[in-house]
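Please look at the sequence and the three-dimensional structure that follow, and then read on for a guided walk through one part of the fold.

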Amino acid sequence: MEQTLFLDFLASLQKLFVGYIPAAVFGSFIGYFIGINVTVYQIFRRIFQIPHSIPPLALLPIALILFQDSEPASVMVIFLATFWTVIINVAIGLQHFRRQNNNFRAAIFHVFHSLKVGIWVAWFTVIAIEMLIGPRGLGFLLWEAYKAGNTNSMIQVLLYIGIIGTLLDQFLDFMGSLLAQMISENKKSS
């Protein structure tokens, strides 16, 4: 169980990062360009709300048809789920930044909050996809433990899923605080 748990842990993290990182980068840039202009923000916020409102798992059948392989289909669904979430939340954050007299600490807070929301969505999507189509990952391991009626393994995997999610959240909190502190120190020295 331990060796398979470690391999499934790595498989889940690989899916997460391959889908999340490009979505976070591109989504942040697009959210920035939408958020800096009030008119553009008002137009695109409503347009982007449509794809953002589609549950990520609803995209899985289409992705499976397009890619005909579960790995790229999974990554694409994770990417899209994160992408729309980050765009909208970064754009909203920049609107708050403008309303707070261009307070950079507020901007950093909102950008990192959007990255946290994006990673939550991505992590939930990874686990759900693995439960549906496997063939490996913590979600798959959880579902297999359920089918085998192994409650102890289910609880163990759930704890790992929760711990990983918490660590990812805490890492983004730490990075946001570090960046905000660096900005504050630069303003004090100027």
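At what angle do helix 2 and helix 4 pack, and how far apart are their axes? The structure is a predicted model, in which local features need pLDDT of at least 70 and side-chain atom pairs count only at pLDDT 80 or more, while totals for chains, interfaces and linings use all residues. Residues are numbered from 1 along each chain as its sequence is written, and side-chain values use heavy atoms, with hydrogens and water left out.

Helix 2 and helix 4 (helices being DSSP runs of H or I with at least four residues, numbered from the N terminus) pack at an angle of about 155°, with their axes 10 Å apart; the axes are lines fitted to C-alpha atoms over the stretch in contact, and angles run from 0 to 180 degrees between N-to-C directions. That angle makes helix 2 roughly antiparallel to helix 4, a label given to angles over 145 degrees.

A ring pair also links these helices. The ring centres of Phe48 and Trp84 are 5.1 Å apart and the planes stand at 55°, so the pair is tilted; rings of Phe, Tyr and Trp (its six-membered ring) pair if their centres lie within 6.5 Å, and planes under 30 degrees apart count as stacked, over 60 as edge-to-face and the rest as tilted. Because Phe48 lies in helix 2 (residues 38–52) and Trp84 in helix 4 (residues 70–99), the pair ties together parts that are 36 residues apart in sequence. Both Phe48 and Trp84 are buried, meaning under 20% relative accessible area with a 1.4 Å probe and protein chains only. Together with Phe44, Phe79 and Phe83, these two residues form one aromatic cluster.

Definitions and conventions:
Helices (H or I, at least four residues) and strands (E, at least two) are DSSP runs, numbered from the N terminus. Buried means under 20% relative accessible area, exposed over 50%, partly exposed in between (1.4 Å probe, protein chains only). Angles under 35 degrees count as roughly parallel, over 145 as roughly antiparallel, 65 to 115 as roughly perpendicular and the rest as oblique.
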